[in-house]
Amino acid sequence: MDVLSRPAEEFENDQSIEAMWAMKAYEHAEIYFNLLCSVDPKLLQLTPEDDLIYKLFREEFPSLDIKIIIENELKSTKEKAKWRPFCERFKSVIEDYSYGTLLRSDSSKDYSEDNTILVTRIQFYAIEIGRNREGINDVLRKKFMTSLVEVKDFEDR
């Protein structure tokens, strides 16, 4: 019998695997945020397919306000029905397109428990490429680089 055809109740969540996933997701988020604070976000290329992702994202979601993503709205039945076909377009294009990835809800803030939502990797790419190209992430470099410089100055004393 194929393991995928067995009832879900037969399987338990392995807490060590969940912990490893959480660590990997957090590391990814931390690296990405450090990049945003270090370089001009408009120059970042997250995938070789950024142009295609952004084009299709804005065709499908032209009025989506990506400054602040409201989790309940993003994950509503109506929005899931729109996102599902968008995501599936990238099944053979983006590696791990459906992998769980952490996204900042409010683009002007760092990752935190209150400002992080779980999305698919392709949703992360679509929203963050949009934030980068539309200048929304520009504020982070100004906001957090100042903090980093102040900490560095303090440490050098």
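**Figure 1. The loop between H4 and E1, home of Asp96**. Asp96 sits in the loop that joins helix H4 to strand E1. Its phi is positive, about 55 degrees, although Asp96 is not a glycine. With a relative accessible area of 42%, Asp96 is partly exposed; here buried means under 20% relative accessible area, exposed means over 50%, and partly exposed is in between (1.4 Å probe, protein chains only). Helices (H or I, at least four residues) and strands (E, at least two) are DSSP runs, numbered from the N terminus. A word on the model: it is predicted, so local features need pLDDT of at least 70 and side-chain atom pairs count only at pLDDT 80 or more, while totals for chains, interfaces and linings use all residues. Residues are numbered from 1 along each chain as its sequence is written, and side-chain values use heavy atoms, with hydrogens and water left out.

**Figure 2. The protein chain as a whole.** Step back for a moment and you can count six helices and two strands. Starting at the N terminus, the order of elements is α-α-α-α-β-β-α-α. Of the 157 residues in the protein chain, 34% count as buried. The chain exposes about 10400 Å², and carbon and sulfur atoms supply 54% of that; accessible areas come from the Shrake-Rupley method with a 1.4 Å probe, and for residues only the protein chains shown count as cover. Contact means heavy atoms within 4.5 Å. Among contacts in the protein chain with a separation of 6 or more, 71% are between residues 24 or more positions apart.

**Figure 3. Inside the largest nonpolar core**. A nonpolar core is a set of buried Ala, Val, Leu, Ile, Met, Phe, Trp, Tyr and Cys residues joined through side-chain atoms within 4.5 Å. The largest one has 34 residues, and Ile53, Phe57, Trp83, Phe86 and Ile122 touch the most other members. At least two residues each come from H1, helix H2 (50–60), helix H4 (77–88), strand E1 (100–104), strand E2 (116–120), helix H5 (121–133) and helix H6 (138–156). Pick Phe57 as a landmark: beyond its neighbours within four places in sequence, Phe57 is in contact with Pro62, Leu64, Ile66, Trp83, Phe86, Ala126 and Ile127. In soluble globular proteins, nonpolar side chains tend to be buried together.

**Figure 4. Leu102 and its contacts**. Leu102 has its place in strand E1 and is buried, with a relative accessible area of 17%. Look for Ala25 too: 77 residues away along the chain, its C-alpha atom is separated from that of Leu102 by 6.4 Å. Setting aside neighbours within four places in sequence, Leu102 is in contact with Trp21, Ala25, Tyr26, Ala29, Tyr111, Thr116, Ile117, Leu118 and Phe124.

**Figure 5. Helix H5 and a salt-bridge network**. H5 is mostly covered, with twelve of its 13 residues buried. At 1.5 Å a residue, those 13 residues should span 18 Å, and the end C-alpha atoms are indeed 18 Å apart; the expected span is 1.5 Å times one less than the number of residues. Glu128 and Arg131 both lie in H5, three residues apart, about one turn of the helix. They form a salt bridge, with the closest N and O atoms 2.8 Å apart; the term means a side-chain nitrogen of Lys or Arg within 4 Å of a carboxyl oxygen of Asp or Glu. Glu128 is buried at 0% relative accessible area, and Arg131 is buried at 0% as well. Arg104 joins in too, linked with Glu128 and Arg131 in a network of salt bridges. After H5 comes Gly135, with a positive phi near 80 degrees.

**Figure 6. Two further salt bridges, Lys75–Glu71 and Lys109–Asp106**. The structure holds nine salt bridges. Lys75 and Glu71 meet through their side chains at 3.1 Å, N to O. Both ends are partly exposed: Lys75 at 34% and Glu71 at 33%. In the bridge between Lys109 and Asp106, the closest N and O atoms are 3.9 Å apart. Here Lys109 is partly exposed at 43%, whereas Asp106 is buried at 14%.

**Figure 7. A nonpolar patch on the surface**. Ile31, Leu35 and Val39 make a nonpolar surface patch of about 240 Å². Patches are made of residues with over 30% relative accessible area and no salt bridge; like charges are joined within 9 Å, and nonpolar side chains (Val, Leu, Ile, Met, Phe, Trp, Tyr) within 5 Å. Leu35 lies in helix H1 (residues 15–38) and is partly exposed, with a relative accessible area of 37%.
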